[in-house]
Amino acid sequence: MRKKIVAGNWKMNKTHSEAIELVSGIVDSSYDKSVQLILVPPSIYAAEIEEITSDGDISVGVQNSSQFESGAYTGELSASMIKSIGAQYVLVGHSERREYFNETNEMLSKKVNQLLLNDLIPIFCCGEVLEEREKENHFNLIKDQLNEGLFHLDSTQILNCVIAYEPVWAIGTGVTASSSQAQEMHQFIRGLLVVKYGNEIAEKISILYGGSCKPSNAKELFSNPDVDGGLIGGASLVSTDFIAIANSF
Ligand code: PEP
């Protein structure tokens with residue numbers, strides 16, 4: 001059985017008190033314990049949120065990490081630092097990082113390596129912009145992103161990764177991929193995993209959908225055989241919405 005996961009990417013939102021209020025709302029809610037909940041707050045709050053959630057089943061992630069091990073890289077966070085505060089997951093290659101911070105697949109592959117060296121789980125994001133989909137180039141593009149950023153890993157390493165498919169045209173826009181568009185791409189990604197790593201490994205890797213996922217559409221999206229959960233942006237900022245999504249399997 002693959003892990004069902006709902007991860008909340010808070011992006012650059014919430015003051016400290018708002019962040020603590022949001023975590024409390026989530027911790028105090030009842031949700032399906034077979035679902036792994038991951039909170040991905042701004043890094044400045046991650047250690048405290050890790051402490052608040054440490055006696056429960058909720059995990060903490062951060063939104064970005066350095067491709068370098070340590071040293072004179074002002075403003076960066078290394079994988080070993082992230083590990084040392086108890087976080088377990090790190091987003092890699094979110095489309096906003098690719099677009100606004102010029103992150104390339106080559107950089108992302110180095111970030112993935114640093115994370116695995118430090119026993120952290122990368123949530124590797126891939127996704128196409130609308131123009132690529134309109135040109136019917138979206139499958140090629142996703143294949144390239146995975147080949148260049150993630151598929152250098154060996155079979156043992158890939159088992160410690162999560163993949164998130166996030167069509168860029170659906171992120172923060174209110175436009176969600178249809179359930180069949182999501183399944184089609186998730187099935188394609190699993191097919192790539194089968195070719196590269198074999199069926200047994202491919203069946204174990206969780207592939208999350210991201211892009212305007214909310215309580216009203218999560219159930220339909222999660223009912224697809226290759227959609228193992230969601231990476232949630234806007235709707236993860238409201239505890240009741242986030243929990244409703246977690247209860248949508
Ligand atoms: C995201 O940023 O990963 C995301 C999916 O955002 P939203 O849910 O707001 O579209």
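Here are three short exercises on this predicted model, each with a worked solution.

**Exercise 1: a helix and its length**

Work out what span helix H5 (residues 105-117) should have, and check it against the model.

*Solution.*
- Start with the count: H5 has 13 residues.
- The rule is 1.5 Å times one less than the number of residues, so the expected span is 18 Å.
- Now look at the ends: the end C-alpha atoms of H5 are 18 Å apart, which agrees.

**Exercise 2: the buried side of H5**

Find which residues of H5 are buried and what they pack against.

*Solution.*
- Buried means under 20% relative accessible area. In H5 that gives Asn105, Leu108, Ser109, Lys111, Val112, Gln114, Leu115 and Leu116.
- Next, look for their partners: these buried residues pack against several elements, including strand E4 (89-92), strand E5 (121-126) and helix H7 (138-149).

**Exercise 3: a salt bridge across the sequence**

Which parts of the chain does the salt bridge between Glu203 and Arg2 tie together?

*Solution.*
- Check the distance: a salt bridge needs nitrogen and oxygen within 4 Å, and this pair sits at 3.0 Å, N to O.
- Place each partner: Glu203 is in the loop between helix H10 (199-202) and strand E7 (207-210), while Arg2 is in the segment before strand E1 (4-9), so the bridge joins parts 201 residues apart in sequence.
- Are the partners buried or exposed? Glu203 has 39% relative accessibility, so call it partly exposed; Arg2, at 15%, is buried.
- Finally, widen the view: Arg2 and Glu203 belong to a salt-bridge network with Arg190, Asp226 and Asp228.

Technical notes. Residues are numbered from 1 along each chain as its sequence is written. This is a predicted model: local features need pLDDT of at least 70, side-chain atom pairs count only at pLDDT 80 or more; totals for chains, interfaces and linings use all residues. Side-chain values use heavy atoms; hydrogens and water are left out. Helices (H or I, at least four residues) and strands (E, at least two) are DSSP runs, numbered from the N terminus. Buried means under 20% relative accessible area, exposed over 50%, partly exposed in between (1.4 Å probe, protein chains only). Contact means heavy atoms within 4.5 Å. A salt bridge is a side-chain nitrogen of Lys or Arg within 4 Å of a carboxyl oxygen of Asp or Glu.
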